[in-house]
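Trainee: I would like to go through this model with you, one question at a time.
Mentor: Go ahead.

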Amino acid sequence: MRKLNKWGLILAAGVMVAALGGCSGEDSAQTSDTQTETQTSSAETEADAVSDDAQADEEESTEKASESSSSEGIDVDLTQLSSTMVYSEVYNMMVTPDDYIGKVVKMNGAFSIYEDEETGQIYYACIVQDATACCSQGIEFELAGDYTYPDDYPELDSEIVVQGTFETYEEGDLTYCRLADATLE
């Protein structure tokens, strides 16, 4: 307790000296402005470095996923990435779909369906979650061949591995992404 009080007094004294030192005149104001500019510049440089590192890590992981499966004819193999990177890559697919059109994608996740009540159309998807399992997103897939739900599909929420060609399509005014000519493992 005595050590805590001692450090509290030292901290308070330092704050008082800093506050009083700012009132000493024009020179200290210039010094203060220079220090603020240096601190701001330093903070911006650190933020840029962190951003560059994160981008480099993401590109490296994407390249790793692509390289590891290129011999199998898979362009983007999400089964080789961590859950955080899979979630990030699926997000990128949704935001910049033109970068993925025509690429063969392999991913694993939970099987899910959605039935449009107005049209009766059933949509099938592979759902992935982030590392904390608080957020999820998925990619719709359409199996190659003639399959009937539920006979030819896995149980809801079961783990699946799906592989297909990434494409976009339009329904109404909206554009959607999916894996076409997909296969389930």
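Trainee: How many bridges join strand β4 to strand β6, and do they run parallel or antiparallel?
Mentor: First, the basis: this is a predicted model, where local features need pLDDT of at least 70 and side-chain atom pairs count only at pLDDT 80 or more, while totals for chains, interfaces and linings use all residues. Residues are numbered from 1 along each chain as its sequence is written, and side-chain values use heavy atoms, with hydrogens and water left out. Strands are DSSP runs of E with at least two residues, helices are runs of H or I with at least four, both numbered from the N terminus, and two strands pair if DSSP finds at least two bridges between them. For β4 (residues 136-143) and β6 (residues 174-184) the answer is three bridges, parallel.

Trainee: Which residue in β6 stands opposite E140, and which is the bridge partner of T168?
Mentor: β6 is also joined to β5 (residues 159-171), by nine bridges in antiparallel fashion. T168 has C177 as its bridge partner in β6. Opposite E140 stands R178.

Trainee: Which residue in the hairpin of β5 and β6 takes a positive phi?
Mentor: Two residues lie between the strands of this hairpin. The phi value in question is near 65°, and the residue is G172.

Trainee: Which residues does R178 meet in salt bridges?
Mentor: A salt bridge here is a side-chain nitrogen of Lys or Arg within 4 Å of a carboxyl oxygen of Asp or Glu, and the count comes to three. R178 and E167 meet at 2.6 Å, N to O; R178 lies in β6 and E167 in β5, so this pair ties together parts 11 residues apart in sequence. R178 also meets E142 at 3.6 Å, N to O, a link between β6 and β4 across 36 residues. The partners are E142 and E167, joined with R178 into one network.

Trainee: Is R178 buried or exposed?
Mentor: Buried means under 20% relative accessible area, exposed over 50%, and partly exposed in between (1.4 Å probe, protein chains only). E142 is partly exposed at 39%, and E167 is partly exposed at 24%. R178, at 14%, is buried.

Trainee: Which ring does the charged end of R178 sit over?
Mentor: The criterion is NZ of Lys or CZ of Arg within 6 Å of the ring centre and within 35 degrees of the ring normal. The charged end of R178 is 4.0 Å from the centre of the ring, which belongs to Y169.

Trainee: Which residue meets K106 in a salt bridge?
Mentor: The N to O distance is 3.7 Å. The pair links K106 in strand β2 (residues 104-115) to the segment after β6, 79 residues apart. K106 is buried at 13%, while its partner is exposed at 61%. That partner is E185.

Trainee: What is the angle between the planes of Y124 and Y149?
Mentor: Rings of Phe, Tyr and Trp (its six-membered ring) pair if their centres lie within 6.5 Å; planes under 30 degrees apart count as stacked, over 60 as edge-to-face and the rest as tilted. The centres of Y124 and Y149 are 5.8 Å apart, and both residues belong to one aromatic cluster with F111, F141 and Y153. The pair is tilted, and the angle is 50°.
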